[in-house]
Amino acid sequence: MQISRRAVLRTGTATALGAALAPGLGSLQASAAPAAHGADPAAWRELRGWLSPAARLYRPGDQGYPSHATADNQRYASVLPAGVVACATESDVRAALRWSAKHGVPFAPRSGGHNYAGHSTTTGLVISLRAMKQVTPRGRRLHLGGGATNSDVYAVRDAGLYFPGGRCPGVGVAGLTLGGGLGFNDRKWGLTCDRMTETRLVLADGTLVRATEKENPDLYWACRGGAGGNFGINTAFTFDAVPVRSLRATVFDLTFGLASAVDVVQGVQDVLAADGAGDFDVRVGFKHAGNGTTSLWVLGQRIGGEDRLRRLLAPLLALRPTPALIEERGFWTAQDYLMDKPGAKDCYASKSLVPDVWLSPDAVTDIAEWTRAWRPGAAKATGYVTLFAMGGTSDRLRPDETAYPHRDATYVIDIGTHWRPGTPQSAVNDLLAQTRGVHRRLCHRLETSAAYVNFPDPDLGDWQHAYYGANYDRLIEVKRRYDPTGLFRHAQSVAAGRHPGRP
């Protein structure tokens, strides 16, 4: 059924939030025309006229178009939009949606633009929230615009407030949160979505609504793990933050040879199993660098002092990692060390698994042997498997309490490859075949096909239940209420009714 404005008004949110927005937007779906990705010059002039003075519309040939048009994953660099709206306000988001529906132009919301499967690319209109990046501390809450990235949150560290976020500085907090959200402190303080107390969305009918535990609670539930681009465009977030000004953390960064893989993973699992408080968080990475070099790295931190961590890691240190760093720091400088140092943009693909059992020696051996045997090809492509430790606080909710279902997970496993733009498709196909091979083997070893929606895989079969488990049926109900005709659609979006003019 179509959600009516009257139904939204009953929640008490549309009146308060909508008063400041441009009037007369009406139903975005009523006037949809047949798809015309480029529209005509008069239509683009119309869109410019609907935007606020601070917003920008970039068209091919405009200065600034190249930097705004391309998403992070260069695998999809050839999917270029007919236009990019750099929104400055929620009214701009509403205007862009209204215009897209009126002219039948497909659209893709974009925050950080790091979607692995290219879901934030389109040949139509990119609705970019990147300029809406404000981060405002109020009490123990952090209020974020829909375009804020991890680095924007870190930039307000003087407030002494933190919520678990990702490792990559340029990743948008919106996409991270809406898909669950892994970080180096999720075992201590929960997933990113667990700390979200409020989000605001522009819905398919143009209504701006608030979703909290009490207001539109079904939408709030769906936004905690149901992924972005399904129910509306999330324009703002509020997080319950943790005071960290006085905390100390000890980081560790250890590198081993693949021959030690079974002992290393077992040592890590022993520490994780004993860490009921969630103070210890870690990632274990198997990597073939593409130049013949292989490595096994263990990176993470423990909240607290260095002496205690050294005792916990004694079995690993006895394996003589080289190089090896263990260093106590202030909380924020520890997070700085753990943040990724991104290089030039490249192409990448990922497959994921979310097991609820520890890795057996046979599973670890499979990963190590696959890493050693990786065929990088002439492009010298990288192949990797990364284990993101889960558990601790992140498993204290039931699988149905949020849309993110994998509450019993031991790890999120990321299986991937990076290659240079311009690599021949035949070589890319071989890289992807190799990742599929180890993915199939680990599915068998770990007896699961569960996957992490923030590592979207365009080749994944039955992704609905791999990503969402038993929660998918409930997500369909939320979709039908808030986006009944499927205006928000991509290759792996939650299903709803068919929208006129959309494939």
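These legends go with close-up views of a predicted model.

**View 1. Lys102 and Glu46 tie two helices together through a salt bridge.** Here the closest N and O atoms of the two side chains sit 2.6 Å apart. Lys102 belongs to helix α5 (residues 90-103), while Glu46 comes from helix α3 (residues 41-50). That makes this a link between distant parts of the chain, with 56 residues separating the partners. Lys102 is partly exposed, at 31% relative accessible area, and Glu46 is partly exposed too, at 23%.

**View 2. Arg310 and Glu306 pair up within one helix.** Both residues lie in helix α11 (residues 306-312), 4 residues apart, or about one turn of the helix. Their salt bridge has its closest N and O atoms 2.8 Å apart. Arg310 is partly exposed, with 37% relative accessibility, and Glu306 is partly exposed at 23%.

**View 3. Lys351 and Asp457 meet in a salt bridge, and each of them is buried.** The N-to-O distance is 2.5 Å. Again, distant parts of the chain come together: Lys351 is in strand β16 (residues 347-353), and Asp457 is in the loop between α15 (425-446) and α16 (463-468), 106 residues away. Lys351 has a relative accessible area of 8% and Asp457 one of 5%; they count as buried because the cut-off is under 20%.

**View 4. Asp362, Asp366, Arg441 and Arg445 make up a salt-bridge network.** What joins these four residues is salt bridges that share partners. For context, a search of the whole structure turns up 23 salt bridges.

**View 5. Seven strands line up in an open, antiparallel sheet.** Reading across, the order is β15-β12-β14-β13-β17-β18-β16. Strands β15 (324-330) and β16 stand at the edges with a single partner strand each, so one side of each has no neighbour in the sheet. On average, neighbouring strands are turned by 15 degrees against each other, ignoring direction.

**View 6. Strands β13 and β17 run antiparallel, joined by 6 bridges.** Strand β13 covers residues 280-288 and strand β17 covers residues 382-389. Look for Phe286, which stands opposite Val385 in β17.

**View 7. Helices α10 and α13 lie across strands of the sheet.** Helix α10 (residues 261-274) lies across β12 (248-256), β13, β14 (294-303), β17 and β18 (411-419), and runs at about 165 degrees to β13. Helix α13 (residues 331-338) lies across β12, β14 and β15, at about 145 degrees to β15.

Key
Residues numbered from 1 in each chain as written. Predicted model: local features only at pLDDT ≥ 70, side-chain atom pairs only at ≥ 80, totals over all residues. Heavy atoms only, no water. Buried < 20%, exposed > 50% of the residue type's maximum accessible area, 1.4 Å probe, protein only. Pairing = 2+ DSSP bridges. Axes fitted to C-alpha atoms, helices over the stretch in contact; angles between N-to-C directions. Contact = heavy atoms within 4.5 Å.
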